[in-house]
Amino acid sequence: MDIFEAFESNVRGYCRMFPAVFKTAKDHLLIDEHDNRYIDFFAGAGALNYGHNPEPLKSKLIEYLSQDGVTHALDMSTSAKRELLKTFNNVILEPRGLNYKIMFPGPTGTNSVEAALKLARKITGRHNVVSFTNGFHGMTLGSLALTGNGGKRAGAGVPLHNVTHMPFCNYLGSEADTIGTLERYIEDSSSGMDLPAAFILESVQAEGGVNVATKQWLEDLFKLARKYDILVIMDDIQVGCGRTGPFFSFEAFGLEPDIICLSKSLSGYGLPMALTLMKPEHDIFEPGEHNGTFRGHNAAFVTATAAIKEYWEDDSLSKKVNRHSKIIRDVLLDIAADFDADVEVRGRGMIQGIHFEDPKIASGISQEAYKRGLIIETSGPSDEVVKLLPPLTICESALQEGLEILKESSRAVLESPTLV
Ligand SMILES: Cc1ncc(COP(=O)(O)O)c(C=O)c1O
């Protein structure tokens, strides 16, 4: 019997979509035990923006380990952490005119969200938080309460409280005034909604189906927050670290959230690491009030520092993302045009997707792509969106090769409805 089937929990998910046993990985490629190669348009669900085992990060990691650099340190000060704090401030924050204190909340995205929630509630003394339809913020109870997806929520086993879910941009169609509705709920003391401590949102909802918030909607949301003294928590865990082009997904709009959640590609190497950034005046946790054993993953600090120095000291990666974004968009529009039915191309930068009315078409395309050597996942409430997340650093020829496989796969599904 298959060892995984025999010993690993039934909860495992992605291995059912991509059943190969992978052995090595380099840049945009995953290689299985039979030496089959797969172009990776999944990139660790956004944790591998710089590809697998990127050389400039790997060499720094090996050097650090070979010198017996500190690996685990809770929140004690280390040379590796000092270098990261300095580099993050000098290369990411200062040039953007941003001033944030940096908290290490624990190793994963959901740790960052939990810390942000706790902090927003402590700052305001309020319990309610507004999150948005189709938002995804993690799987621990606090972040799961923010998450829209019913299947994920069902796993909680307890009621999920202290959150009001409101319509995201365009959730009710492009004509609906979702910000106006939200304001009416806030201003009316009889709406039944308690004044929220914070709004939490993704500027592009990744797991929720590649739903892009417009600039106008984001600006209006921030204005509303300021008017009613509500904090804004930007969850940039999946679409930060350059996924949409600039380092932060919201920076092109000149927005300054009160709290920012980052994780996934922060370490640049797939090593677990997360940050919660807060405006200095919101830095009010008492020492040790929020802690955890794995907040000092120094190997991740080393690769994160190397990633920032390698990819963010100039704008060449951002420019590459913008170029690649156009190439991806053109191919997705071509694919969409082949289908008679309602098909919509969505996304920003190098997170893009094709929405199909029938979820079976999206999963059929993902499965056909896998057979042809391309790893690509689906997202959305019913997994009806084929979602592209190639490494940002992918070379143009590999990007084109992957997109060609995607085209062939969608044609195969179109021409042979029995595949879905
Ligand atoms: C936007 C967003 N927030 C939070 C999370 C949770 O991160 P993690 O799975 O590392 O806990 C994810 C994970 O996909 C995410 O996409």
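Author: A residue is near the ligand if one of its heavy atoms lies within 4 Å of it. The model is predicted, so local features need pLDDT of at least 70 and side-chain atom pairs 80 or more, while totals for chains, interfaces and linings use all residues. Numbering starts from 1 along each chain, and side-chain values use heavy atoms, without hydrogens or water.

Reader: How many charged residues does the shell around the ligand have?
Author: The residues around the ligand include Phe136, His137, Glu202, Asp235 and Lys264. Asp, Glu, Lys and Arg count as charged; Ala, Val, Leu, Ile, Met, Phe, Trp, Tyr, Cys and Pro as nonpolar; the others as polar. Two in the shell are nonpolar and six are polar; the charged ones number three.

Reader: Which residue has a side-chain N or O atom 2.8 Å from an oxygen atom of the ligand?
Author: Polar contacts here are N or O pairs within 3.5 Å. Threonine 108 has a polar side-chain atom 3.5 Å from a ligand oxygen. Phenylalanine 136 uses a polar backbone atom, 3.5 Å from a ligand nitrogen. The 2.8 Å pair belongs to lysine 264.

Reader: What share of the ligand's area does the protein bury?
Author: Taken alone, the ligand exposes 390 Å² (Shrake-Rupley, 1.4 Å probe). Of that, the protein buries 82%.

Reader: Which strands are the edge strands of the open sheet?
Author: Strands are DSSP runs of at least two residues, and two pair if DSSP finds at least two bridges between them. The seven strands run S4-S12-S11-S10-S7-S5-S6, with mixed pairing. Inside that order, S5 (129–132) and S7 (198–201) pair in the parallel sense. Those that pair on one side only are S4 (101–103) and S6 (163–166).

How values were computed. Helices (H or I, at least four residues) and strands (E, at least two) are DSSP runs, numbered from the N terminus. A polar contact is a pair of N or O atoms within 3.5 Å; within protein, one must be able to donate a hydrogen and the other to accept it, and residues adjacent in sequence count only if both atoms are side-chain atoms.
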